[in-house]
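Work through the following exercises with the sequence and the structure side by side. Each task is followed by a solution that goes step by step.

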Amino acid sequence: MRPAVPASILCILLAVTPVAAAECLQEQAVYGDADGAYELRFEPVGSASAVTSNHFKVKVANSDLVLDGIVMQSGEPVRPNGMIMNNCPQGDSTGEEIAACTVWEGVIYAIGGDGKVGSLPEEGSEAAAQLLLPDFGPAVRNSSIWGKATVAPWDVLSLKGCVQ
């Protein structure tokens, strides 16, 4: 007789499934670094009128850190500028307060399965095979989270699953 798999374990196994980028929308994509120490999980923005084009969370292994991430299309030419923050104040904040809680800031690039580099896809688009966050590792080492985070991430994160 085979032991039954508890429903809670089955739900966890099905929650994030490995998929090809063509089967996953960007707002459902889950990425990881080469060491398995960082997981970047996109989530729906929730409003067509939002200033941000993408939202995500970054979980840091072996810690209780869950960082908030946003992407805003800005600049000339327009590019997907991302920010990863830790415990930023809600509501009106000064530039100084935002700078103090920002872990990383920069352009987020998408790397396709063919190796071509482009802009991060917006919601509703096919998920990128990989993401490039330039200087993400050094930024973590020089941020307020260093100490709780004990491994610096790679700058390239690969698609490892899709939240359905």
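**Exercise 1. Find which residues the ring pairs link into a cluster, and describe the pair formed by Phe 42 and Phe 56.**

Solution. In this predicted model, the cluster that ring pairs build consists of Tyr 31, Phe 42 and Phe 56. The structure as a whole holds 4 aromatic pairs. For Phe 42 and Phe 56, take the distance of the ring centres, which is 5.4 Å, and then the angle of the planes, which is 55 degrees; the pair is therefore tilted, since an angle counts as edge-to-face when it is over 60 degrees and as stacked when it is under 30. Next, place the two residues: Phe 42 belongs to strand β3 and Phe 56 to strand β4, so their contact ties together parts of the chain that are 14 residues apart in sequence. Finally, check the accessibility, by which Phe 42 and Phe 56 are both buried.

**Exercise 2. Classify the aromatic pair of Trp 104 and Phe 136, and state where its two members lie.**

Solution. The centres of the Trp 104 and Phe 136 rings are 6.2 Å apart and the planes stand at 75 degrees, and the pair is edge-to-face. Trp 104 sits in strand β7 (residues 102-107), whereas Phe 136 sits in helix α3, and with these positions 32 residues apart in sequence the pair links distant parts of the chain. As to accessibility, Trp 104 has a relative value of 2% and counts as buried, and Phe 136, with 1%, is buried as well.

**Exercise 3. Determine how many salt bridges there are, and work out what the bridge between Glu 39 and Lys 160 ties together.**

Solution. The count comes to 4 salt bridges. In one of them, Glu 39 and Lys 160 bring their closest N and O atoms to 3.2 Å, and the criterion asks for a separation within 4 Å. Glu 39 is part of strand β3 (residues 38-43) and Lys 160 is part of strand β11 (residues 156-163), so this bridge ties together parts that are 121 residues apart in sequence. The two ends have these accessibilities: Glu 39 is buried at 14%, while Lys 160 is partly exposed at 40%.

A further bridge is formed by Asp 64 and Lys 148, with 3.5 Å between the closest N and O atoms. Here Asp 64 is in the loop between β4 and β5, and Lys 148 is in the loop between α3 (136-141) and β11, 84 residues away in sequence. Asp 64 counts as exposed, with 62% relative accessibility. To complete the picture, Glu 39, Arg 41 and Lys 160 are joined into one network by salt bridges that share partners.

**Exercise 4. Identify the strands that pair with β11, and give a residue opposite in each case.**

Solution. Begin with strand β2 (residues 29-32), which runs antiparallel to β11 and is joined to β11 by 4 bridges; within this pairing, Ala 29 stands opposite Cys 162. Continue with strand β10 (residues 130-132), which also pairs with β11 in the antiparallel sense, over 3 bridges, and here Gln 130 has Ser 158 as its bridge partner.

**Exercise 5. Describe the surroundings of Leu 67: is this residue buried or exposed, and what does Leu 67 touch?**

Solution. Leu 67 is found in strand β5 and counts as buried, at 0% relative accessibility. Leaving aside residues up to four places away in sequence, its contacts include Phe 56, Val 58, Ile 84, Met 85 and Ile 145. Leu 67 and Ile 145 are 78 residues apart in sequence, yet their C-alpha atoms are 9.7 Å apart in space.

Lys 57 is also among the residues that Leu 67 touches, and the side chain of Lys 57 meets that of Asp 68 in a salt bridge of 2.4 Å, N to O. This pair connects strand β4 (residues 54-60) with strand β5 (residues 66-74), across 11 residues of sequence. Lys 57 is partly exposed at 29%, and Asp 68 is partly exposed at 32%.

**Exercise 6. Decide where the model calls for caution.**

Solution. The chain averages a pLDDT of 86, and 85% of the residues score at least 70. Over residues 1-17, however, pLDDT stays under 50, and the model has 13 contacts beyond four places in sequence for this stretch. Where pLDDT is low, predicted coordinates should not be read in detail.

How values were computed: Residues are numbered from 1 along each chain as its sequence is written. This is a predicted model: local features need pLDDT of at least 70, side-chain atom pairs count only at pLDDT 80 or more; totals for chains, interfaces and linings use all residues. Side-chain values use heavy atoms; hydrogens and water are left out. Buried means under 20% relative accessible area, exposed over 50%, partly exposed in between (1.4 Å probe, protein chains only). Two strands pair if DSSP finds at least two bridges between them. Rings of Phe, Tyr and Trp (its six-membered ring) pair if their centres lie within 6.5 Å; planes under 30 degrees apart count as stacked, over 60 as edge-to-face and the rest as tilted. pLDDT is the predictor's confidence in each residue, from 0 to 100. Contact means heavy atoms within 4.5 Å.
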